[in-house]
Amino acid sequence: MLWRNTPTGFGLITRLLHWTMAALILAQIPLGLKIATMQLGLANLWLFGLHKTIGFVALILVLTRLVWHRISPPPPPLGDADSLPNRAARAVHALIYACLVIIPISGWVASAATGLDVVIFNQITLPAIAPVSAAWENTGFFIHNSATKLLMALLVAHIAGAALRAFKGDGTLQRMIKG
Ligand code: HEM
Ligand code: HEM
């Protein structure tokens, strides 16, 4: 079926999830770097809210994608699955998924630990998943910041790999765009 993955191609749902998440994360990283230089105040509160909203949506999307890939497994890579580039690509994908779970949860923990309400979409208050504590706040932000550095490195490798394969014309990028 068009929306499911097949043994040779990505279905519509995986492609929509991939490109929506790619757009969100590529916007979210510079936004995070920007707010990290700011002193929280009334004038920039909305930027922090926007970052938390995008981050929460990204968490829902990555969890949806992990569940979806249990229901409808993605196709194996093109070419020899055991070749070094394909094994490296698989390892990078797994680490990207791990980062995309750890980063929003640690951001949420750290934000809750500040004692301020974690508000998304300007109106929904998320449950406080951590006690108000400087230790939780510092550890949460340490994990959040370190994992975002790792994610940036992984994405450079991922996008460079995709570009290289597109340049060689092996069809990998094509099947993530057109299925
Ligand atoms: C312009 C940017 C990007 C391009 C050109 C691109 C391209 C691709 C391509 C071609 C694949 C399919 C690989 C295969 O056939 O095995 C893929 C898979 C994947 N991409 Fe991207 N990507 C981009 C951005 C991102 C971003 C920002 C993320 C993270 C949010 C991401 C996460 C992933 C993951 C996790 C997979 C593995 C999917 C699976 O589970 O099979 N990509 N990407
Ligand atoms: C996949 C989702 C997310 C990504 C990629 C991301 C990325 C980032 C990045 C790159 C930074 C700058 C780190 C630095 O170098 O100092 C940052 C900071 C921050 N993030 Fe996120 N974030 C995500 C989700 C969240 C969520 C869900 C929350 C809270 C609910 C959050 C709260 C914050 C806060 C408050 C800061 C500022 C930290 C400071 O003042 O040092 N983030 N984020």
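This text walks through the surroundings of two ligands in a protein model. The model is predicted.

Start with ligand 1. The space it takes is the largest pocket. Around ligand 1 there are 21 residues. Five of them come nearest: H18, R65, Y97, H158 and R175.

Which helices build this shell? Five helices each supply at least two of the residues around ligand 1. They are α1 (12–35), α2 (45–71), α3 (84–113), α4 (134–168) and α5 (172–177). Find each range in the sequence, then trace it in the structure. The helix α1 gives the most to this shell, with 5 residues.

Now look at the kinds of residue. The shell around ligand 1 has 14 nonpolar residues. A further 5 are polar, and 2 are charged.

Next come the polar contacts of ligand 1. Take Y97, one of the nearest residues. A polar atom of the Y97 side chain lies 2.6 Å from an oxygen atom of ligand 1. R175 is also among the nearest. In the R175 side chain, an N or O atom is 2.9 Å from an oxygen atom of the ligand. H69 makes a contact too: an N or O atom of its side chain is 3.4 Å from an oxygen atom of ligand 1.

Move on to ligand 2. This ligand sits in the second largest pocket. Its surroundings hold 22 residues. Here Q28, G32, H51, H144 and K149 come nearest.

Which helices supply at least two residues each to the shell around ligand 2? They are α1, α2, α3 and α4. The largest share comes from α1, with 6 residues. So much for the helices; now the classes. The shell around ligand 2 has 11 nonpolar residues, 9 polar ones and 2 charged ones.

Which atoms of ligand 2 take part in its contacts? One is a nitrogen atom, 2.8 Å from an N or O atom in the side chain of H51. Oxygen serves as well. An oxygen atom of ligand 2 is 2.7 Å from an N or O atom in the K149 side chain. Both H51 and K149 are on the list of nearest residues. With N145, the distance is 3.5 Å, again between an oxygen atom of the ligand and a side-chain N or O atom.

Finally, set the two sites side by side. Ligand 1 takes the space of the largest pocket, and ligand 2 sits in the second largest. Helix α1 gives the most to the shell of ligand 1, and α1 also provides the largest share around ligand 2.

Notes:
Residues are numbered from 1 along each chain as its sequence is written. Chains are lettered from A and ligands numbered from 1 in the order in which they are written. This is a predicted model: local features need pLDDT of at least 70, side-chain atom pairs count only at pLDDT 80 or more; totals for chains, interfaces and linings use all residues. Side-chain values use heavy atoms; hydrogens and water are left out. A residue is near a molecule or strand if one of its heavy atoms lies within 4 Å of it. A polar contact is a pair of N or O atoms within 3.5 Å; within protein, one must be able to donate a hydrogen and the other to accept it, and residues adjacent in sequence count only if both atoms are side-chain atoms. On a 1 Å grid over the protein atoms alone, a cavity is a set of points where a 1.4 Å probe fits but cannot get out, and a pocket is an open set with protein on both sides within 12 Å along at least five of seven lines; lining residues have an atom within 4 Å of a point. A molecule sits in a cavity or pocket if more than half of its atoms lie within 2 Å of its grid points. Helices (H or I, at least four residues) and strands (E, at least two) are DSSP runs, numbered from the N terminus. Ala, Val, Leu, Ile, Met, Phe, Trp, Tyr, Cys and Pro count as nonpolar, Asp, Glu, Lys and Arg as charged, and the others, Gly among them, as polar.
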